[in-house]
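Me: I am new to this structure and should be grateful for a close look at a single part of it. Please take the surroundings of the ligand.

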Amino acid sequence: MHYLDILKEAVLELSFSKPLREGLTHLLEHVAKKMGYRHMSLAIFDPISQMIEFTIYSGYAKVPQKTYAPGEGIIGQVVKEKKPIIVPVMGDEPRFLNLAFNRDIQDLKRLSFIAVPVLLKNNDGLAEIFGVLTADIPRRSLEILKEQSEFLELLAIIIARHTSYLQDELTKKHFLPEFGKGDESEVQKEKIVFSSKAMSKIMTQISQVAPSKATVLLRGESGTGKELIAEAIHKLSKVKDGPLIKLNCAALPADLIESELFGHEKGAFTGAIHTKKGKFELAHKGTLFLDEIAELSLEAQAKLLRAIQEGEIQRVGGEKVIQVDVRIVCATHQPLEKLIQEKKFREDLYFRINVFPVYIPALRERRDDILPLAEHFLEYYANEYNKKIKRISTPAIDLLVQYHWPGNVRELKNCMERAVLICNEEVIRTYHLPPTLQTAESSATDIQLPFAEAVAKFEQEILIEALKKAKGNMLQVARELKASYRVINYKIKKYNINPKKFVR
Ligand SMILES: Nc1ncnc2c1ncn2[C@@H]1O[C@H](COP(=O)(O)OP(=O)(O)O)[C@@H](O)[C@H]1O
Ligand SMILES: [Mg+2]
C-alpha cells in the first residue's frame, strides 16, 4: 500500500502543469524522501552523441561531473541492456565507477544502488530507451532491493513520456546553438522549430550526415522546410565557413540554366557581354543547394552529373576545365522514381544524388509541430509588427491543429502573419484565422457556419477564456464579462462546459 500511495502521488505530481524539469526534480525529491533514499537521479540518453547525461538529480551536494557512454559503468550497462541493475554494496561492485557524483568511501560502504531503464515502446513495438532512473539506498538485503527495483521500474513507466521530452530537449541542443551566430532577428528567422518525433529523427539524421561530404537529397511537399534544412546542413558541415550558394532550377528557362550552373565566357552567346562565374564555381569549398532539381532539362542533368562525378566543370563557350570542390544538397517535391520511368529524369543522376535521401513529412503528418510552429511565428511577427500579442486561444489552437495545411509550414507562417496583422487584442482568436481554416472540418461541403452556430462558437470561446483566467470561479467570470451570475451559469450548462476543469 505504501508503494501504491507514493506512485499515486507521483502521477498527481506530473499532472500539474509545472515546467518539465521542475516537476521531475520535485517528484524525485518527494519520492526520495518518502522512500528513505539518499539520492535519486534521472540520466538522459542522447541518441546523437550516444552519451548519457545526468539531467535531473536530487540530494547530491555535487553537480554531476561525468557523462557515460553506453556500456560504461552501471548506467551505461543499463542503457545497453535495457534492464535494471541492482548493486547491493556500491564499494563491492567493480562496475560501479562513482564518477559522476564522487561519493566518499564511507558512502560507498554504506549504500546500495539501483538503476532502471526508462523505456517507451515506439511505433514498431520496440522498446526505445530515453534514460536511466537511479537511487542511492542505505544498505538493504537483496530481497528488499528487488522489491525496490520493481517499484522504481513502475516509477520509470510513469515518467517515461516526460523523459522522452527531456531527451528531445537534449538532442535539440546539438543543432540550435549553431544558429546562435549573427544578430538576433536572424536567429529567430532561421531557427528550426519542431517537437514531433518525426522531425526529431530527421534532425538526428541531418546532424549525422552534415559533417560528411555526402550528397543529400531532401524530399517533401512544398513548404515543408527543405530549404531551411539545406541551410542547417551547411551550417553543421565542415564547410560552414565557405559559401552557401542556392539555385532554384524551376526559376529559370532551360537555356539559361546551364550558364547559371557553370558560368559562361564572354561572347559565348548573344547577351554574354562579360565572363560570368557559375554557381558551381561560386560554391567552391562550400555548399551548392539545388532546389527543384527535377525541373532540370535532360541535357542540364547530364552536365550536372558530370560535374558532380568528375568534380570539374567547363564554362559555357569555354575550353578551360575548372576544378570544383562542392558539397551538393538537392531538393524536390516531385516523384523522381516516376519521372525516371517517364524518361524525364536520368536514372544515373538519380543514383548519384540519392546517396542520403531525407523525407520531410507534410505538416499534417506531424501535427505535434503545429502548435510550437504557430507560437514561434506568433512571437516572430508580433515582434516584427510591434504588437503585444501573448498567446493563441484554445479554440483557435484547435482549428490550427485540425487543419490539413496543404501549403505546409509556409502556409502556417503566412496564416500567423495575417493573424498578427489583423489582431488588435492580446490573444489570437478563431476569427483572426483565414476562412479556409474555419471550415476545416466541413471542408467537403465548404459551407460557412450558419450565423447561430458562429455566435454559439464565439460565446463558448469567450466563456472558456474567462474561465481559464478566473481559474473556474464563475462569480469572477460574471464580473469579468459584465453579465449576471445566472446568465453565465445558464450558458455554461447549455454548452456543457465543466468549470471544475479550470480550477487549479
Ligand atoms: N521547422 C521549421 N521551423 C521554422 N520555420 C520553418 C520550419 N519549416 C519551414 N519553415 C519556414 O516555412 C517556410 C517554408 O520553408 P522552406 O524551407 O522554404 O520550404 P520548402 O523549401 O520545402 O518549400 C520558410 O519561411 C521557412 O523558414
Ligand atoms: Mg522551397
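Which helices each supply at least two residues of the shell around ligand 1?

Reply: The model is a predicted one. In it, α8 (226-235), α14 (370-384) and α16 (408-422) each contribute at least two residues to the shell around ligand 1. Seen by domain, that shell takes at least three residues from domain 2 (190-359) and at least three from domain 3 (365-445).

The shell can next be described by its residues. There are 16 residues around ligand 1, and those that come nearest are Val193, Gly223, Lys226, Arg410 and Lys413. By character, the shell comprises 6 nonpolar, 4 polar and 6 charged residues.

Several contacts involve the protein backbone. A backbone N or O atom of Leu228 is 3.0 Å from an oxygen atom of ligand 1. For Gly225, a backbone N or O atom lies 3.1 Å from an oxygen atom of the ligand, and for Thr224 the distance from a polar backbone atom to a ligand oxygen is 3.3 Å. On its own, ligand 1 has 560 Å² of accessible area, of which the protein covers 89%.

A sheet may be added for context. Its 5 strands, paired in parallel, form an open sheet in the order β7-β10-β13-β6-β14. At the edges stand β7 (244-248) and β14 (356-359), each of which pairs on one side only. On average, neighbouring strands of this sheet are turned by 20° against each other, direction ignored. Within the sheet, β10 (residues 286-291) pairs with β13 (residues 326-332) in the parallel sense over 5 bridges; Leu288 has Ile328 of β13 as its bridge partner.

Note on methods: Residues numbered from 1 in each chain as written. Chains lettered and ligands numbered in written order. Predicted model: local features only at pLDDT ≥ 70, side-chain atom pairs only at ≥ 80, totals over all residues. Heavy atoms only, no water. Near = heavy atom within 4 Å. Polar contact = N/O pair within 3.5 Å; in protein donor to acceptor, adjacent residues only side chain to side chain. Areas by Shrake-Rupley, 256 points an atom, 1.4 Å probe, with all protein chains shown as cover. Helix = DSSP H or I, 4+ residues; strand = E, 2+ residues; numbered from the N terminus. Nonpolar A, V, L, I, M, F, W, Y, C, P; charged D, E, K, R; others polar. Domains from an automatic or database assignment. Pairing = 2+ DSSP bridges. Axes fitted to C-alpha atoms, helices over the stretch in contact; angles between N-to-C directions.
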